[in-house]
Amino acid sequence: MGLLTGFEKIVRPEEPLAMYTWFQIGGPAQYMAEPHDADQLLALIKRCHEESVAVRMLGSGSNVLVRDKGVEGVVIRLSEPAFAEIKIHRQTISAGGGARLGQVVTTAAHEGLAGLETLVAIPGTLGAALHGNAGTHGGDVGQWTAQATVVSYTGEVFTREREEMTFGYRQSSLDELVILHAKLQLEEDDPQEISKRLQKQWIVRKASQPMGHQCAGCVFKNPRGVSAGELIEEAGLKGTRIGGAVVSDRHANFIVAEPDCTSNDVLRLIDLIRDQVRDRLDVELELELEIW
Ligand code: EPU
């Protein structure tokens with residue numbers, strides 16, 4: 001393994017990435033690493049930095065499309081329990097970057113801590129949610145974030161306090177390599193009331209988005225507060241297909257991958273949507289989905 005000697009137990013060469021993404025398509029990673037704890041993670045990142053090996057963090061794969069040829073370098077997943085601990089102290093919930101956002105939301109609700117209800121159906125890890133400031137029309141994860149511990153590309157650990165962080169629409173100042181840990185400051189409320197709000201959110205989301213299909217989250221950001229889905233529908237593109245990639249009939253800002261779909265099909269469909277929305281509605285759509 002040369003460059004990664006000493007990490008054989010946590011690194012696998014030529015690991016197919018499709019099974020780690022919601023689209024379930026795309027090629028392999030040159031190396032996939034699943035460290036057991038933070039020390040191992042830091043050592044690995046430092047080695048990659050010394051050896052000039054590219055490193056990417058993969059969360060739960062709900063906002064990424066891996067190209068058919070795969071990716072060079074190391075893809076790291078924080079899949080081990082050490083990265084997913086969730087703890088409550090008074091009105092603060094602390095969680096590892098590898099914890100599922102959904103799990104953080106339901107744990108908070110169970111403990112009578114309110115604020116995150118509108119985030120209930122958002123897939124992905126807490127780290128990824130903070131990296132892209134995941135949210136809905138009802139709010140985002142950044143607004144509750146009190147502190148984050150991050151790791152730089154050189155393997156150094158920093159703590160960012162509330163006043164040092166900025167969060168915008170689907171963007172945050174947390175652009176280091178890893179979000180290792182975060183604290184969210186919430187508000188006390190009756191667990192039953194919180195639970196009712198969670199259920200309501202689930203119903204709304206299930207009715208308006210193609211959940212359970214082979215797809216990622218929204219493909220494009222909403223330009224200037226207009227729904228990209230609405231624009232794509234207005235451009236007449238619902239149901240449009242290239243190979244196995246189809247614009248969802250339920251919500252046009254989702255692409256569903258049918259059996260035999262390739263990443264190239266999805267990429268060509270993305271280009272077609274962008275071209276048609278530009279030509280017909282004079283709006284430039286920006287990707288929310290990450291393309292690897
Ligand atoms: N609409 C259409 N056609 C469509 C889709 C939507 O006409 O195909 C209309 C709806 O009828 C509604 C409006 O557009 O009047 C807004 O739709 P929706 O409530 O579904 O919200 P959105 O703006 O399309 C945003 C986020 C979603 C998030 C929902 C719910 C973005 C890009 N999308 O979608 O987030 O779940 O609000 O709050 O910001 C994501 O970021 O991956 C994502 C799915």
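## Arginine 90 and asparagine 133

Let's start in the loop between β6 and β7, where arginine 90 has its place. Its phi is near 55 degrees, which is a positive value in a residue other than glycine. This is a predicted model, and in it arginine 90 is exposed, with a relative accessible area of 70%.

Asparagine 133 also has a positive phi, of about 40 degrees, although it is not a glycine. You will find asparagine 133 in the loop between α3 and β9 (135-136). Is asparagine 133 buried or exposed? Its relative accessibility is 0%, so asparagine 133 counts as buried.

## The antiparallel sheet

The loop of arginine 90 joins β6 to β7, and both strands belong to an open sheet of 5 strands. The order runs β6-β7-β15-β11-β12, and the pairing is antiparallel. At the edges stand β6 (86-89) and β12 (157-161); each has a single partner strand, so one side of each is left without a neighbour in the sheet. Direction ignored, neighbouring strands here are turned by 15 degrees against each other on average. Helix α1 packs on this sheet and touches β11, β12 and β15. The direction of α1 makes about 135 degrees with that of β15.

For a register check, β7 and β15 pair in the antiparallel sense over 5 bridges, and alanine 95 stands opposite alanine 182 in β15. Strands β11 and β12 likewise pair in the antiparallel sense, over 5 bridges, with valine 150 standing opposite phenylalanine 158 in β12. These two strands, β11 and β12, form a hairpin with 5 residues between them. In the turn of that hairpin, glycine 155 has a positive phi of about 90 degrees.

## The mixed sheet

Another open sheet has 4 strands in the order β1-β2-β5-β3, with mixed pairing. Which strands are at its edges? They are β1 (11-16) and β3 (55-58), each of which pairs on one side only. From one strand to the next, the twist averages 35 degrees.

Helix α1 (residues 38-50) packs on this sheet too, touching β1, β2, β3 and β5 (71-77). Its direction makes about 165 degrees with that of β5. Looking at the pairing in detail, β1 and strand β2 (residues 28-33) run in the antiparallel sense over 5 bridges. Valine 11 stands opposite alanine 33 in β2.

## Two nonpolar cores

In soluble globular proteins, nonpolar side chains tend to be buried together. In this model, the largest nonpolar core holds 32 residues. Which of them touch the most other members? Those are Leu101, Leu116, Leu130, Val141, Leu174, Leu184 and Leu186. The elements that give two or more residues to this core are β7 (92-96), α2 (101-110), β8 (113-114), α3 (126-131), β11 (145-151), β15 (178-185) and α4 (191-208). Helix α2 provides the largest share, 5 residues.

Leucine 184 makes a handy point to zoom in on. Leaving aside its neighbours within four places in sequence, leucine 184 is in contact with Gln91, Thr92, Ile93, Val104, Leu116, Val141, Trp144, Thr145 and Ala146. Apart from this core lies another, of 30 residues, among them Leu65, Ile242, Cys261 and Val266.

## Serine 263

Serine 263 has its place in helix α6 (residues 263-281). With 0% relative accessibility, serine 263 counts as buried. Which residues is it in contact with, leaving aside its neighbours within four places in sequence? They are Ile25, Gly26, Leu65, Val66, Arg67 and Asp68. One of these, Leu65, is also among the residues of the 30-residue core.

## Around the ligand

How many residues surround the ligand? The count is 20, and the closest are His137, Tyr169, Cys218, Glu233 and Glu288.

If you are thinking about polar contacts, three side chains can be described here. An oxygen atom of the ligand is 2.7 Å from an N or O atom in the side chain of tyrosine 169. For asparagine 222, a side-chain N or O atom is 2.7 Å from an oxygen atom of the ligand. In the case of glutamate 288, an N or O atom in the side chain is 2.6 Å from a ligand oxygen atom.

Key. Residues are numbered from 1 along each chain as its sequence is written. This is a predicted model: local features need pLDDT of at least 70, side-chain atom pairs count only at pLDDT 80 or more; totals for chains, interfaces and linings use all residues. Side-chain values use heavy atoms; hydrogens and water are left out. A nonpolar core is a set of buried Ala, Val, Leu, Ile, Met, Phe, Trp, Tyr and Cys residues joined through side-chain atoms within 4.5 Å. Buried means under 20% relative accessible area, exposed over 50%, partly exposed in between (1.4 Å probe, protein chains only). Contact means heavy atoms within 4.5 Å. Two strands pair if DSSP finds at least two bridges between them. Axes are lines fitted to C-alpha atoms, for helices over the stretch in contact, and angles run from 0 to 180 degrees between N-to-C directions. A residue is near a molecule or strand if one of its heavy atoms lies within 4 Å of it. A polar contact is a pair of N or O atoms within 3.5 Å; within protein, one must be able to donate a hydrogen and the other to accept it, and residues adjacent in sequence count only if both atoms are side-chain atoms.
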